[in-house]
Amino acid sequence: MTTEVFVQSLVSGLTQGCIYALIGLGFTIIFSVTGIINFAQGEFVMLGGMLSFFLAKSAGLSVFPALIISILIAMLIGAVLYLLAIRTARRASVVSLIIITIGAAIFIRGIAGELWGADTVAPPFFTGNGSLSVLGASIHVQALWIIGTTLAVSIVLHLLFSYTVIGKALKASAMNRTAAGLVGVNTKSMSLIAFTVAAALGALGGVVIAPLSLTSYNVGAMLGLKGFVAASIGGFRSHAVTILGGITLGVVEQVTVALNWGPFKSNYKEAIALVVLLLVLLIRSRRLFEEERAS
Amino acid sequence: MSSSILETKVLSKAFGGLTAVDKVDLSVEANKITSVIGPNGAGKTTLFNLIAGVYMPSGGEICFQGKPLGKAPPHKRAALGIARTFQNVLLFDNMTALENVMTGQHPRSRYGFFEAALRLPKAHREEETISLKARQYLNLVGLGVYADRNPLSLPLGQQKLLTIARALATEPRLLLLDEPGAGLNVLEKQGLSELIRRIREMGITVVLVEHDMDLVMGIAEWVIVLDSGQKIAEGTASQIQKNKRVIAAYLGDEEAIE
Amino acid sequence: MRKWFCLLLAMMILAAAIPLAGCSESESEEPYKIGALFAVTGGNAPLGEPEKQLVEMMEEEINANGGINGHPVDVIVYNYESDAAKCATFAEKLINEDKVVAIIGPTGTGDSLAIVDLAMNSQIPLISCAAGISIVTPTETNDKHWVFTTPQVSVMVVQRLYEHLLTKNITKIALLTDTLGFGKDGKTNLNGQKAAYGITVTADQTYGPNDVDMLTQLTLIKNSSPQAVVCWGTSPGPAIVARNMATLGMTNIPLYCSHGIAFQSFITAAGSSGNGVIFPCGKLPIVDYLPDSDPQKALLTKYRDDFNARYGNGTANTFGGHAYDSLNMVVTALKNAVDDTPEKINSSDDTLQAVRAKIRDYVENSINSSGFPETGGFPGTAGVFNMSETDHNGLPKSCLVMVKIVDGKWTPAE
Amino acid sequence: MLATFKRHWWSYLAMAAFLLFLILLPTQLLGEKTSILILIGLYSMVTVGLCLLMGYTGQVSLGQAAFFGTGAYLSAILSTRYDLDPWLAMLMAAVATGVFAYIIGYPIFRLRGNYLAMATLGLGIIVWILFKELSQYTGGPDGLGGIPNFSIGGFAFDNKLKRYFLIWSFAVCALLIAQNVVRSRTGRALKAIHGSEAAAMSVGINIAQLKVKIFVLGAVYASLAGSLYAHHLHHISPNSFDFMASVMVITMAAAGGLASIWGAVFGAATITYISQDALVELGKSQPKLAELDVVLYGLILMLVMIFLPKGLFVSLRDAFDSWRQRRARKGPVT
C-alpha cells in the first residue's frame with residue numbers, strides 16, 4: 001500500500017472515527033449516570049443531520065442557526081424521551097429498558113421517515129466545498145470541521161465535568177448513584193441532563209457529518225452501533241478512552257480498506273466493529289465481573 | 001483439636017491495598033457451635049466468603065474434613081457439605097418459601113435435564129422426596145404454614161429462618177451463619193438459639209458470625225476473635241470475656257462508635 | 001398502574017378492532033381487486049415509496065375516469081418493509097384473503113424470488129417491479145409460467161453500459177459497488193459480462209451503506225489508473241463518490257453509474273460534482289429530447305407531469321414507472337380480456353381462477369406487437385414491451401439510453 | 001403439595017383445551033389466516049427458548065435471530081445444495097447450532113446485563129453479515145430459494161394446513177419440554193440464578209454451566225424453528241434474521257411476560273398478529289395510517305414495557321388471580 005493510500009485512509013478514518021467518538025460519548029454519559037444503554041442514541045445523529053437540512057431548506061436558515069436550532073430540538077426530544085419513556089418506567093429491568101429505548105429508536109426513525117421521506121439529502125457544507133492535500137491525501141474542509149468539533153467537544157466536556165457544579169454532580173452520580181443521592185445530588189435531574197447532553201452530542205455529530213456523508217432517515221442504527229463500540233472500549237466510564245476508541249475504530253475500518261485484501265474488500269468490513277466489540281467485552285469481562293462482585 | 005472439621009492455615013485475603021484476612025490459622029471442632037466475633041471490618045464475612053469459595057485466598061489454604069479445598073468453586077463446596085447463609089438474606093423472591101428450600105436440595109438430587117424434560121419416573125420420584133425433605137426443614141424452622149408464601153412477604157426474622165432452612169436442605173456437615181441474629185427481637189433470638197442448638201444436635205457443625213454478645217455467649221462453645229483481619233484470641237465464652245486484647249479491641253470499637 | 005394497563009389494553013383492542021371496522025366498510029359498487037407489494041420502508045424504501053405513490057395516483061385516476069369497463073378498481077397495497085418473509089405472508093394474504101386477480105411488485109429481486117413459487121402454486125399472475133433476471137428465468141422446479149417483470153433486467157443494463165464504453169474506446173474500468181443487494185447484483189453482472197466485451201477491471205472496490213466517504217477506495221482506484229470509474233449502487237453512495245472524485249481531483253476520469261441514480265435527489269445531493277456523470281437508464285429522464293414519433297414519449301410525458309404535479313417537482317422517477325407498467329398491464333388485461341363483473345369474479349374461486357388465468361394469458365400473448373401492432377409492442381415507461389412465452393420481461397436493449405448530467409439536467413449522452 | 005397438584009390439574013385442563021383450540025383454529029375458525037398461525041407457532045418456539053434464558057434465568061440475549069437464521073440457512077443449504085433429506089438437514093442444523101451456542105456460551109456468559117446484551121447483539125449482527133456475504137452458499141442478499149417440503153415416506157407436507165400441524169406439533173413439544181424443565185429442579189436452579197447468583201452458588205448450583213445449557217436449549221429451539229420456517233416458506237433471505245428480528249422475538253417474550261411459558265405463546269401471537277395483520281389491515285382501512293405501521297410498532301413496544309413491565313399476559317393473569325382471590329375471600333371458607 002502506498003503512503004498516499006495509507007495517509008488517505010488515516011484521514012478518512014479520523015473523520016469517521018470522530019463521529020463514532022461523539023456518539024460513543026453520548027452512550028458513555030447516559031450509561032455512567034443512569035446505567036441505561038440508550039439504543040435510540042444513533043437516531044439523534046440522524047435527527048441532527050435531517051433537521052439541519054430541512055431547517056436550512058424549508059425555513060431558509062443559514063448553516064449555523066440551523067445547526068443551533070436542530071441541536072436544541074434534538075435536546076428537547078432527548079429530554080422528552082427520558083421524561084416520558086425512561087422515568088415513567090420506574091424500577092424497570094435491564095430488559096425492559098433495552099426494549100423501551102429500542103422502541104423509541106423505531107418510533108423516532110418511523111416519524112422521520114414519514115416527515116422527510118426516504119430520499120438521501122445533502123445539507124450544505126459549513127464553509128464551501130474546498131479541500132487541502134496532505135502528503136498526497138486530501139482532506140475536505142468539512143472533515144476539518146468534524147475533527148475540530150470533536151476536539152472542542154472533548155475539551156468542553158472535560159471542563160464541564162471538572163469545573164462546574166453540574167459536571168461534578170454528574171461525575172458523582174456516575175461514580176456511585178446512591179452515594180450521590182445521599183450527598184444531596186438529585187440523581188433524577190442528573191439523568192435528565194445526561195439524556196439531554198447525549199442527545200446534543202449525537203445531533204452535533206449528525207449536523208457536522210451530514211454535509212460530507214449525506215444522510216437519510218435510516219442512518220441511525222448502524223452509526224449507533226459503532227458509537228456503542230467506541231463507548232464499550234471506553235468501558236462506559238472514561239470519556240477520553242471513548243473518544244480514542246471511536247477514532248481507533250474509524251481508522252481501523254479505513255485501514256482495512258486500504259489494505260485492499262480479500263475479505264476486507266467486501267462487507268466484512270462492517271463486521272470489524274462488531275468483532276472489536278466482542279473482543280473488548282470479553283477481555284474486560286473479568287474486570288466487569290470483579291466490579292459487580294465488589295458492588 | 002483432633003476432630004476438627006475445618007482448618008485454615010495462614011489464610012490471607014487482600015483486596016488491592018488492604019488485607020481483609022491476615023494469616024489466620026484456625027480450626028473448627030466438629031459437632032460444636034463455634035462463633036467468630038470481632039469489631040466491624042474485622043474480616044469476619046470475608047473469612048466466610050473464603051470458606052464458602054466466593055473469594056479465592058491470596059495466601060494460605062483451607063482444609064475441610066482434612067482435605068484441602070484448593071480452588072473449588074462455591075457450588076462444589078456446597079456439594080462437599082459446606083452451607084451458608086447471608087448477612088443480607090438473599091432469598092429467591094421469584095419462588096415460594098417452599099421452593100426456596102427445595103433449591104437447597106439441588107446438590108443432593110441427581111436427575112438432570114432429560115429426565116426433567118421428559119418427566120421420567122425418576123424425576124417424579126426425586127421431586128417427591130425433594131419436596132418432602134424441604135417441608136421437613138421448613139417445619140424444623142417453624143415456617144411450615146408459610147410454604148406457599150413469597151419469602152419477601154415474611155418478616156425479617158422469618159426470612160432469616162428461611163435462609164437457614166434453605167442452607168440445611170443442602171444437608172451440610174458445616175453450616176456457616178452470617179449474623180443470623182441481626183435485626184431480630186429478643187423472642188426471635190431465643191428461638192434462634194434454640195434452633196441452632198437443635199441443628200448442632202443433628203450432628204451439623206455450626207459456625208456463626210454474630211455481633212450480639214448475649215446470643216454468642218449463650219450458645220457458642222468456642223469463640224474466635226478477629227480484629228483487623230487477624231486472630232487475636234480464641235477460647236470458651238468465659239475465657240474470651242476476660243481476655244484483655246479482646247476487651248481493648250471492643251472498647252476501641254465502642255469508642256469509635258460513640 | 002391499573003389505569004395505564006386499561007389504557008394500553010384499550011389501545012390493543014383498538015389496533016385489533018379498527019381493521020374489522022375497515023372490513024365492514026363496503027364500497028357502493030364492488031371493484032376489481034388488484035394486489036400490490038412494495039417495500040415502502042426499509043432498505044428498498046427509495047424504490048418502494050414512489051411505486052406506492054404511483055399506484056395510489058393511478059387508482060384514483062382510473063376510478064375518476066369511470067374505472068375499468070365501468071367497474072371501479074381497488075389496488076390493495078401492502079408495505080412489506082423490505083422483509084422477504086413479510087412479503088411472502090402478505091402475498092398469501094392478497095391471494096387467499098383479499099382474493100385479488102393479480103399481484104404487482106414486489107420491489108426487490110430477493111423479495112420477488114421469495115414468492116415466485118407461491119405465485120406458481122396458487123396460479124396467480126405476478127408482475128414484479130424488480131430487475132433481477134432470475135425472477136423470470138425458468139428453473140427445474142418453477143417454469144415461471146405465472147411470473148413477469150417490467151424493469152430493464154440488470155444484466156441488460158450492464159451490457160448496454162459496456163456497449164457505450166466500447167464506443168468511447170474505454171476498456172479499462174474500475175468498479176466501486178455498494179454492499180447492498182443492488183450493488184452486489186451489479187458487481188456480479190459487471191464481472192460476468194466484462195470478458196464478452198473485452199473489458200478489464202483495474203480495481204474492484206466496495207463501500208458500506210454507512211461510509212462517510214469513499215476517499216480511500218477512490219485513491220486505490222486512482223492508483224490503478226483506469227479509463228473510467230463504474231459505480232453501481234443506490235443513493236447516497238454514488239453521490240458521495242462523485243463528490244469525493246472531485247475532492248481527489250479525479251476530474252479527468254469519467255464516472256459511470258447505474259440506473260440506480262436516476263433520482264432528482266442524486267443531482268441535488270451530488271451538486272456540481274454530479275455534472276458529467278453518465279448512466280444507462282430508461283427514457284424517462286430525457287423524455288423531452290425524444291422525437292414525437294417515439295411510442296413512449298406521450299406516455300412518459302404524461303406520467304412525469306402527473307406524478308410531479310401530485311407529489312412535487314422532480315419526484316417522478318423510473319422506479320415509480322415500473323409500478324406504472326406492471327399495473328398498466330393488469331389494467332389493460334382486465335379491460336381487453338375480462339368481461340365478467342367483479343361480483344361474478346368474486347362469486348366463486350373458480351371464476352376468480354379463470355380470470356387470473358385470462359390475465360396471465362393476455363400479458364403473455366397480447367402485451368406485444370400482436371396486441372399493439374401500431375406501436376410494435378406495448379408501450380410502457382421502461383420501454384416497448386414484447387412479452388412472449390419465452391420472454392417474460394419483453395424489453396429490448398434499445399429501450400435503454402445513456403443519460404449524461406449536464407448543469408444539473410439529464411441529457412442524452414449519445 | 002395440594003396447591004401444586006391443583007396448579008398442575010388446572011394446567012392439564014388448560015393444555016387439553018389449548019390442543020383442541022389449535023386443531024379448530026385453521027380448520028374451523030381462521031382458515032384464511034393459516035400462514036399467520038404458522039408464523040405464530042414458529043415464533044412461539046423461538047420465544048419460549050428466549051424466555052427460559054431471559055425470563056427464568058435473567059440473562060439477556062439480543063441475538064436470538066442468529067440461531068433462528070443458522071437453523072434456517074443450514075437446513076436450506078443442506079437440503080438444496082447437497083440434496084439432504086429435509087429431516088436430516090433439520091437435525092444436523094440443530095446439532096450444529098447447539099454446538100455453536102455451546103462454544104460461544106462459556107466466554108459470553110462471563111458477561112452480565114447490558115454487556116451481555118451488547119455481546120449477543122454483536123454476535124447476532126456478525127452472523128447476519130455472514131448470511132449476506134457467504135453468497136456462494138447463502139445466495140447473498142437475494143436469499144436462497146427452492147427449499148423442499150418435508151415428507152414422511154410418500155406423505156409430503158405440501159400445503160399450509162399440513163405444515164401448520166407439523167409446525168405446531170413441534171411447537172407444542174417444545175412448550176411441554178420447556179414447562180417440564182421449568183417445574184423441575186433445573187427450573188428452580190434457573191430461577192435461583194435469576195434471584196441471586198451468590199445464593200444460587202451457595203446451594204450448590206453450577207451457574208456458569210447451567211446458563212450455557214439453557215442458552216444451548218434456546219439456540220436449538222430457535223434452530224428447529226428456523227429449519228421449519230425455511231421448509232415452510234421455501235425461500236429465505238438475510239433480512240428475516242437481522243437485528244430487528246431479534247428485537248421482535250424479545251418483544252414477544254416481553255409482551256408475554258418473560259417468565260411464563262404460555263406467556264411466550266401469547267406474546268408471539270399478539271406481536272405476530274399486530275405486525276403481520278392488524279397494522280396492515282389498519283393501513284388498508286385507514287390509508288393515512290398505512291405508513292405509520294412501523295411507528296405504531298415502536299409505540300406499542302414502549303408502552304407495553306413502560307406500563308406493563310411484567311408483560312401483557314402476566315399482568316392479565318395477575319389481574320385475574322387477584323380477582324379470583326377477592327371472590328374466594330367473599331365465598332365460604334372451607
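## How four chains fit together

Of the four pairs of chains that touch, A and D share the most contacts; two residues are in contact if their C-beta atoms, placed from the backbone, lie within 7 Å. Keep in mind that this is a predicted model, where local features need pLDDT of at least 70, side-chain atom pairs count only at pLDDT 80 or more, and totals for chains, interfaces and linings use all residues. Residues are numbered from 1 along each chain as its sequence is written, while chains are lettered from A and ligands numbered from 1 in the order in which they are written.

**Where chains meet, and where they don't**

- On the chain D side, 36 residues take part in the contact with chain A, which brings 37 residues of its own.
- The chain D side gets at least two residues from each of α5 (113–133), α11 (243–255) and α14 (293–307). These labels follow DSSP runs, numbered from the N terminus: helices are H or I with at least four residues, and strands are E with at least two.
- The top giver there is α5(D), with 13 residues.
- Sorted by class, that side of chain D holds 26 nonpolar, five polar and five charged residues. Here Ala, Val, Leu, Ile, Met, Phe, Trp, Tyr, Cys and Pro count as nonpolar, Asp, Glu, Lys and Arg as charged, and the others, Gly among them, as polar.
- Chain D also meets chain C, with 34 residues of chain D in contact with 39 residues of chain C.
- Among the elements giving two or more residues to the chain C side are α1 (2–24), β2 (73–79) and α3 (84–97).
- For that side of chain C, α1(C) provides the largest share, ten residues.
- The class count for the chain C side is 19 nonpolar, twelve polar and eight charged residues.
- Chains A and B have no contact, and their closest C-alpha atoms are 9 Å apart.
- Chains B and C have no contact either, with 21 Å between their closest C-alpha atoms.

**The core**

- The largest nonpolar core has 441 residues. Such a core is a set of buried Ala, Val, Leu, Ile, Met, Phe, Trp, Tyr and Cys residues joined through C-beta atoms within 7 Å.
- Helix α10 (residues 207–233) of chain D gives this core its largest share, 17 residues.
- C51(D) is one of the residues with the most contacts inside the core. Beyond its neighbours within four places in sequence, C51(D) has contact partners including Y56(D), A253(D) and L258(D).

**Backbone oddities**

- K23(B) isn't a glycine, yet its phi is positive, at about 45°. You'll find K23(B) in strand β2 (residues 18–29) of chain B.
- K23(B) counts as partly exposed because it has 15 C-beta neighbours inside 10 Å. The cut-offs use C-beta atoms placed from the backbone: a residue is buried with 20 or more others within 10 Å of its own, exposed with 12 or fewer, and partly exposed in between.
- E171(B), also not a glycine, has a positive phi near 50°, and sits in the loop between α6 (156–169) and β7 (174–178) of chain B.
- A cis peptide bond links G105(C) to P106(C), with omega about -5°. P106(C) belongs to the loop between β3 (103–104) and α4 of chain C.

**How far to trust chain C**

- Chain C has a mean pLDDT of 89, and 93% of its residues reach 70 or more. This score is the predictor's confidence in each residue, from 0 to 100.
- Within chain C, confidence is lowest in α1(C), with a mean of 51, and highest in strand β4 (residues 126–128), at 97.
- Over residues 17–27 of chain C, pLDDT stays under 50.
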